[in-house]
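Open the model in your viewer, with the sequence panel alongside. I'll suggest what to select at each stop and say what is there.

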Amino acid sequence: MTEPLFLQPYFQEKIWGGSRLASEYGYDIPSDHTGECWAISGHSHGPATVVNGPYQGKTVTELWDEHRELFGNAQGDVFPLLTKILDARDDLSVQVHPDDAYAKKHEGELGKTECWYVLAAEPGAEMIYGHHAQTKKELSQMIENQQWDELFRHVPVKPGDFLYVPSGTIHAIGKGIMVLETQQSSDTTYRLYDFDRVDQKTGQKRELHLKQSIDCTNVPFEEPKLNRQDYRVGDANVTRFVATKFFAVYKWQLSGGTAQFARGKAPYTLVSVLDGQGKLTVDGQEYAIKKGVHFILPYEIKNWQLDGDLTIIASEPGQEA
């Protein structure tokens with residue numbers, strides 16, 4: 001299989017979502033409260049669908065289950081990664097995700113380590129990223145006393161910023177921000193605080209998960225160090241933001257010219273075009289690509305060429321040390 005797998009995303013409506021996935025990326029979204037584009041997904045809550053080639057109409061989930069050779073016969077019960085674009089018209093809930101062990105025991109799925117590449121941010125926009133409690137006891141007391149201003153750590157962000165969010169990190173994407181999120185394929189979220197919002201559909205406040213949040217939160221918070229690398233591939237500027245046992249995430253920036261890429265040890269590559277247009281060439285076959293297009297380069301594709309003006313976030317499954 002030396003043909004890329006182009007994908008139709010799955011969209012999720014959210015209380016905090018907006019309409020920028022349509023206005024910015026041209027997607028046909030279900031409503032003006034669409035919060036998430038599950039662009040490259042094999043998760044049962046929203047699998048992406050192949051739109052070209054011999055596997056047209058198949059979901060990523062089905063390909064993982066039935067054609068594991070496309071992924072280099074990689075191990076694991078589920079496709080391990082999930083790429084999303086999030087549009088936060090309003091603040092997301094303050095939340096924390098479990099690690100693999102806790103998630104498997106309590107939720108029956110993977111944990112959730114994730115990261116964000118900031119696509120857009122209104123002036124003054126900020127994330128909640130980490131906390132100020134020094135012990136679990138202090139964390140519990142501050143939550144019980146609703147000392148949110150003292151507890152949460154606020155970080156201003158701008159387009160082009162990158163934040164790594166390991167499991168156990170208290171976090172929230174703030175109002176007016178769009179991100180490309182790369183994460184483990186998990187849909188487990190424990191809400192710690194939700195600004196006392198009422199869901200218009202139910203008339204009720206959304207459920208909180210205080211015990212689970214306290215169980216899972218890393219204390220004290222230590223901002224993770226990125227193993228960032230910057231280098232050139234042909235005419236492209238490449239940034240590797242992070243490489244962990246869960247995933248490696250790259251930015252490919254091409255402003256005219258050509259770049260020829262060769263895959264390393266990873267068995268497949270996930271690609272999201274975030275801006276611009278150009279072409280992808282594989283085995284002499286050209287494919288037009290533009291902003292909003294997402295695809296997988298399966299195992300048999302070892303080399304590919306990019307031409308044009310393109311901003312791309314690419315990711316690979318993590319490589320155990």
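Start with the largest nonpolar core, which has 40 residues in this predicted model. Select Phe79, Ile85 and Ile296: these have the most contacts inside the core. Next, colour strand S7 (residues 114-121), which gives the core its largest share, four residues. A separate core of 25 residues lies apart from this one, and Val273, Tyr287, Trp304 and Ile312 are among its members. As a rule, nonpolar side chains in soluble globular proteins tend to be buried together.

**Ile85 and its strand**

Go back to Ile85 and show what surrounds it. Beyond its neighbours within four places in sequence, Ile85 is in contact with residues including Leu21, Tyr25, Tyr27, Leu119, Met178, Leu180 and His294. Gly35, Glu36 and Cys37 are also among the contacts of Ile85.

Now select the whole of strand S5, residues 81-88. Is this strand enclosed or open to the outside? Eight of its eight residues are buried, so S5 is largely enclosed by the rest of the structure. Side chains in a regular strand alternate between the two faces of the sheet. In S5, Leu81, Thr83, Ile85 and Asp87 lie on one side, Leu82, Lys84, Leu86 and Ala88 lie on the other, and both faces are covered.

Which strands pair with S5? Strand S3 (residues 34-41) runs antiparallel to S5 and is joined to it by five bridges; to see one position, put Ile40 opposite Thr83 on screen. Strand S12 (residues 177-184) also pairs with S5 in the antiparallel sense, over eight bridges. There, look for Ala88 with its bridge partner Ile177.

**Aromatic rings**

Switch to the aromatic side chains, where the structure holds 22 pairs. Select Tyr164 and Phe247: their ring centres are 6.2 Å apart and their planes stand at 90°, so this pair is edge-to-face. Tyr164 belongs to strand S10 (residues 162-165) and Phe247 to strand S16 (residues 247-262), so to follow the link you travel between distant parts of the chain, 83 residues apart. Both Tyr164 and Phe247 are buried.

Then try Tyr193 and Phe195. Here the ring centres are 5.0 Å apart with the planes at 55°, so the pair is tilted. Tyr193 counts as buried at 16% relative accessibility, whereas Phe195 is partly exposed, with a relative accessible area of 32%.

For a group of rings, select Trp64, Phe71, Phe79 and Tyr268, which form one aromatic cluster. You have met Phe79 already, as one of the residues with the most contacts in the largest core.

Two lysines are worth adding to the view. Lys291 lies over the face of Tyr25, at 5.0 Å from the ring centre. The charged end of Lys302 sits over the ring of Tyr299, 3.4 Å from its centre.

**Last stop: His97**

Finally, select His97, in the loop between strand S6 (94-96) and helix H3 (100-106). Is His97 buried or exposed? With a relative accessible area of 2%, His97 is buried.

Show its polar partners next. The side chain of His97 makes a polar contact with the side chain of His171, at 3.2 Å. A polar atom of the His97 side chain also lies 3.0 Å from the backbone oxygen of Thr188. To complete the view, add other residues in contact with His97, including Lys112, Glu114, Ser167, Gly168, Thr189 and Cys216.

Conventions. Residues are numbered from 1 along each chain as its sequence is written. This is a predicted model: local features need pLDDT of at least 70, side-chain atom pairs count only at pLDDT 80 or more; totals for chains, interfaces and linings use all residues. Side-chain values use heavy atoms; hydrogens and water are left out. Buried means under 20% relative accessible area, exposed over 50%, partly exposed in between (1.4 Å probe, protein chains only). Helices (H or I, at least four residues) and strands (E, at least two) are DSSP runs, numbered from the N terminus. Two strands pair if DSSP finds at least two bridges between them. A nonpolar core is a set of buried Ala, Val, Leu, Ile, Met, Phe, Trp, Tyr and Cys residues joined through side-chain atoms within 4.5 Å. Contact means heavy atoms within 4.5 Å. Rings of Phe, Tyr and Trp (its six-membered ring) pair if their centres lie within 6.5 Å; planes under 30 degrees apart count as stacked, over 60 as edge-to-face and the rest as tilted. A charge sits over a ring if NZ of Lys or CZ of Arg is within 6 Å of the ring centre and within 35 degrees of the ring normal. A polar contact is a pair of N or O atoms within 3.5 Å; within protein, one must be able to donate a hydrogen and the other to accept it, and residues adjacent in sequence count only if both atoms are side-chain atoms.
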